[in-house]
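Me: Please take a close look at the aromatic rings in this chain and explain how they are packed. I am a first-year student, so give the cut-off for each term when it comes up.

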Amino acid sequence: MKKQQVISRFFAPKSGIPSTKTPLKVPPPSSSSPCIAAAISWTPTNPKKRTHEEFNGENSNKGEEDPHQPFKRKETCNGGGIQTTNSNFEDHEETSEELSKIDKYEISLENRGSEPNNTIGFPAVGNSSFEPKKTIGIPAFDASLHKKFVEKLLIRVEENGSLEESTYGRPPTGKEKYTPLEEQVIELKAKYKDVLLMIEVGYKYRFFGDDAEVAARVLGIFAHYDHSFLTASIPTFRLHFHVRRLVEAGYKVGVVRQTETAALKAHGANKGGPFTRSLSALYTRATFEAAEALVEGVVEDNCRLNSYLMCVVEQPLMSRSPKKTKNRVSHEEDSATIGGCYDTMIGAVAVETSTGDVMYGQFKDTGTRAELESRLLNVSPAELLLGAPLLLPTEKLLLEFAGPASNVRVEWSSRDLFKDGGALAEVMSLYENRSDEISAQNNDGRNEGIEVIMAMPDLVVQALALSLRYLKQFKLERILGLSASFRPFASKNEMSFSSNTLQQLEVLRNNADGSENGSLLSLVNHTHTAFGLRLLKHWVTHPLCDRNTIEARLDAVSEIAESMGSSGGLQLEGTILGGGKGGGSQGLLASVLTSLGKMPDVERGITRIFHRSATAAEFITVINSLLTAAKQLQQLVCVDEDEVIAEDPSQRHHKHIGSQLLRRLISAASCSVVIENSTRFLSSLNKCAAMQGDKHNLFICAGNKFPEVAKCRAAVRAAEKLLDSFLPAFQKQLKLPNLEYLSVSGITHLIELPSATRVPSNWIKVSSTKKSNRYHPPEVLEALDKLAVAKEELTVACSKAWDDFLAEFAVQFMNFRAAVQALAALDCLHSLAIVSRNEGYVRPVFVEDSEVPQLSIHAGRHPVLESTLQESFVPNDTFLHGSSERCQIITGPNMGGKSCYIRQVALIVIMAQLGSFVPAMSAKLHVFDSVFTRMGASDSIQHGTSTFFDELSEASSILQKSTPCSLVIIDELGRGTSTHDGVALAYATLHFILKERKCLTLFVTHYPKIAELKNEFPGEVNPYHVSYLTSDCLADQILGDEPEDVSTFQNGALVEYDVGFNLVTKISQNITFLYKLVPGVASRSFGLHVARLAQLPDSCITQAAFMAAKFEKEVCARVLARSEARPSICNATVVDQSEIGRMLIESDSNKASLQLGGLLTSTDEEMVTSEIHQMLDTDRVSKSLCLVQSTLKESNLLDGLNALQRAQEYTRKILT
């Protein structure tokens, strides 16, 4: 009820013409809060209907108006009053007769909070003066109309109503007759069924039907029923914003524009019909950046780094005949296998329409689809084009990758049309249609693209044909005709990482939140440009495998770093040395590379120019940026040695650039062809007109350039000259020598005269004010029609000239693309040079390919963690050699740093072969062909695979693909099953690697049994563990109070109680991790310590400690039972040597000390100590020290304590 009262107050209905003038009654406000009350009136100043001419520029067609005619609005001020004149009305389908009913409004505001009756009157529309008017009241209250309005606004779900009615209102009932606009909508929707259409209607873009419902939900706009359809709308100037939102939501969005203006419509055959409309642009996630600009001059800044369209097709490799379903291939007995684990052949093509990059490949994959997943992670596509049918495992993986959190759009396409060579014919047709353009690019006339296509595998050709047919919808298929931009997913000179390696080493994204922060890419990324970052991402995921290429990159990085100067700090062998900024070309090189950050994304810019979707302003910006960078780099082009000496031998050092790679990249980026063409292109365009979006004055027609544009410009000038020729006659006729044409709200060549002036009867009155009228003489109207037609013809000629101009650029596209790629490489090298200046980074040294694989890292550090921990990071050494120690078996406590150590080794290798300096004191290594990892625990329930299955699948891939030149890292293999099976599989896997593959390996495990492989492979395998220190945080309590539950010796017999004291030992031990890798096997993993850090309940930890002590006791008992009996060390028969050893091994030192105190004599002390040394390793003795100390205060155990004191002293010697 309260809401209805509010609406009644602010939305009072209005009747036609008020019978009385009653001011709006508003309750007076409280004294504490002044307010402003409004009195609104509607007064017809001209009760007669106005003619169509009085609404000049308004369209008589239903729902139509010319969007190219500016909205007529005039605003003036008078003491706070605002006068507004609107001559165009763009709401729904209104005829000129309906428009004539719209009249002027007058608004007055009364500030009741300050002075009573302080009214500001707004003058009537059209008045030139600002005289205040009296407040006029609102129409009489009509209760029926007001009730109808409130019911419509506050419509709710009724008993027989629906949710749609409560949201959008009631749909129209009965058979409606479609308007001409609605008939166009029906025709467009039938043609583009899967497209969300935005249709230009006047000054808005409107959605109809289901599209309106989607737009209302995604964009948060209002939708309502209008005539026969649900509709919603947005203003034209917000088109680019809303299209991007719909595209990011996963929709294919089409923009339908009016293809004719009012001038062309008036002189064409479609005079009485609606404006013709057609689909002008189509957008999806993969094509948005390359498609036509939505708004002239608007360049999007928040673009994706990459927007790949990835097409996947598949051919199963099996003898049984498959059953085809709608989108997949199914097989019998699939339920008997894990997710249909059959080998398959997959073909894939990834197209980046905004940069011109095209990757392809055909590969065999297993049931886990690990190879396909690796390609997906490397490419990170924005859109997937799936060639049906697909096998179930493949479809599951792809749809899981394109889940709701990934923002990847999925499009299905059938391959049935490409049978019997149809795919190859589809692709060849593209090259045949572009034969003229290709022959212009190649001087010899040879079509290299056809040769590349013929060499592609069949599945790749099918994927390429599907991509080609899909991109034709967006008019972006020409990018597939550039065979020079094709490259395989992985080349022979580059590493290719599996999906596990990319994820487990956090190469591109961290595993915590999936962002780039904390990844290897974020560490080395100091690029200044978007195209440089794209290339650096490829470098990081595909390190080099060629020693000469790596050394060339390192030489270039070193030289750039030297030109930047030293970062200070301790100078080490192989690090960058310099006392400041480099001189000559050295300093200029660093400054030029730094200035690249001012460039726009020229890689996307030139590709948009190639697609002919770039605006003139974008063209000027991109080409001018390339020209500026080329001229700057041209100063660094190395001259011949003879020329340098001839000029000045003393300047030779400053001008010479030593790195061959740098010289080659600088020469490519400053190519004379690029400079000449850039200058020629820019000389043909008017920069000011381009920035303002003025196509009519864009081209410089000097020297017989653009003859059609020059001809149309002459016609426009002739029409304007004709209009100017009428003015002297009007001045003479009206006897006004100072008479000039007037332009108001976009209407030109108006003659403004005082209201009392008499004019010829055939003069048409356009508009008026209180004191003057504005006219168009008939000869002026006729000349204006000719001028409008001439301007339309000029617009068409300029558009055609612009397309031809961009086509001329397309011939030189590959030259410009080569220059941009050279700039990207320079940006990447500059980024790596910044990394090399970090303190403690050193240039890696690569041994010859003929030498044995080896890896020697002195004081290596984790590159990412070091940047976080700074000086507190503990370095470690790594020495692996193919002819000696080639495997490290690493054990140690949980959270001790095992995984961190092996990750740092892998990352240092990747950084070195990337061409970067590495975080170490020194690094010497062989070029590895790949890095394989098996780390962490994960499962895939949707794929029907368990954690242990995934572990073994990754291990199987390593065993199949690794070579003697590979680096293998395995972390805790076998933990996903029972202990016996896990140990056996881990042992067998490492045994196979050592015997068959013979690659350098880091193997982390908690199974001490694995370390026995050092006996079978002496000198090739050695155990290591991460060191630590232990202490007892309850030592003070133990010293003061004797434990209750201990075993004591009473009446000559051993009385055994609970293992409570052992529980205290396990729970109270504090571990200090030293994070240093040392030889040996760790005896414990200290899982209870981690449980305490994880804040498990104390009762849970106590129960776990009890069970651990019980299990250890049982195992030791079984081991001792199977061992041979040892000779007695004393006359006492109650406790023998094995029992003493068993108690000490269990770390129940207090129990042992009590028994020793009653049993041992002074003559047996040395024998007992010797036996302890034999049966206890260093780690176990160190754990018993704090407990041994607690027995020193017991005076009744002197005989045993003397022996234990000597054992304690000897143990300290061992530990030190």
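Reply: The rings come first, then the core around them, and then some strands and unusual backbone spots.

This is a predicted model, in which local features need pLDDT of at least 70 and side-chain atom pairs count only at pLDDT 80 or more, while totals for chains, interfaces and linings use all residues. Residues are numbered from 1 along each chain as its sequence is written, and side-chain values use heavy atoms, with hydrogens and water left out.

Some totals set the scene. The chain has 1216 residues, and 48% of them count as buried; buried means under 20% relative accessible area, exposed means over 50%, and partly exposed is in between, using a 1.4 Å probe and protein chains only. It contains 43 helices and 38 strands. These are DSSP runs numbered from the N terminus: helices are H or I with at least four residues, and strands are E with at least two.

Now the rings. The structure holds 24 aromatic pairs. Rings of Phe, Tyr and Trp (its six-membered ring) pair if their centres lie within 6.5 Å; planes under 30 degrees apart are stacked, over 60 are edge-to-face, and the rest are tilted. Y283 and F288 have ring centres 5.6 Å apart and planes at 55°, so this pair is tilted. Y283 and F288 are both buried. In the pair Y1028 and F1086, the centres are 5.1 Å apart and the planes are at 75°, so the pair is edge-to-face. Y1028 belongs to strand β35 (residues 1021-1032), whereas F1086 is in the loop between β38 (1069-1079) and α37 (1087-1093), so the pair ties together parts 58 residues apart in sequence. Y1028 and F1086 are both buried as well.

Rings can also join into a group. Ring pairs link F619, F681, F699, F706, W802, F805, F809 and F816 into a cluster. Two of these names return in the largest nonpolar core, which has 185 residues: F619 and F699 touch the most other members. A nonpolar core is a set of buried Ala, Val, Leu, Ile, Met, Phe, Trp, Tyr and Cys residues joined through side-chain atoms within 4.5 Å. Leaving aside neighbours within four places in sequence, F699 is in contact with S684, L685, F706, V709, R713, C798, A801, W802 and F805; contact means heavy atoms within 4.5 Å. Another core lies apart from the largest one and has 24 residues, including L196, A212, L219 and Y283.

A ring can also have a charged group over its face. R478 lies over the face of F610, 4.3 Å from the ring centre. The charged end of R553 is over the ring of W539, at 3.6 Å from its centre. For this, NZ of Lys or CZ of Arg must be within 6 Å of the ring centre and within 35 degrees of the ring normal.

Next, the strands. Strand β32 (residues 930-934) is mostly covered, with five of its five residues buried. S930, F932 and R934 are on one side, V931 and T933 on the other. In a regular strand the side chains alternate between the two faces of the sheet. β32 pairs in the parallel sense with strand β33 (residues 966-971) over five bridges; two strands pair if DSSP finds at least two bridges between them. S930 stands opposite S966 in β33.

After β33, in the loop before α33 (979-997), comes E972. E972 has a positive phi of about 55° although it is not a glycine, and at 15% relative accessibility E972 counts as buried. N407 also has a positive phi, of about 60°, and is not a glycine. N407 lies in the loop between α10 (392-401) and β19 (409-414) and is partly exposed, with a relative accessible area of 39%. One more backbone feature is the cis peptide bond between A388 and P389, with omega about 5°. P389 is in the loop between β17 (383-388) and β18 (390-391). Most residues other than glycine have a negative phi, and most peptide bonds are trans.
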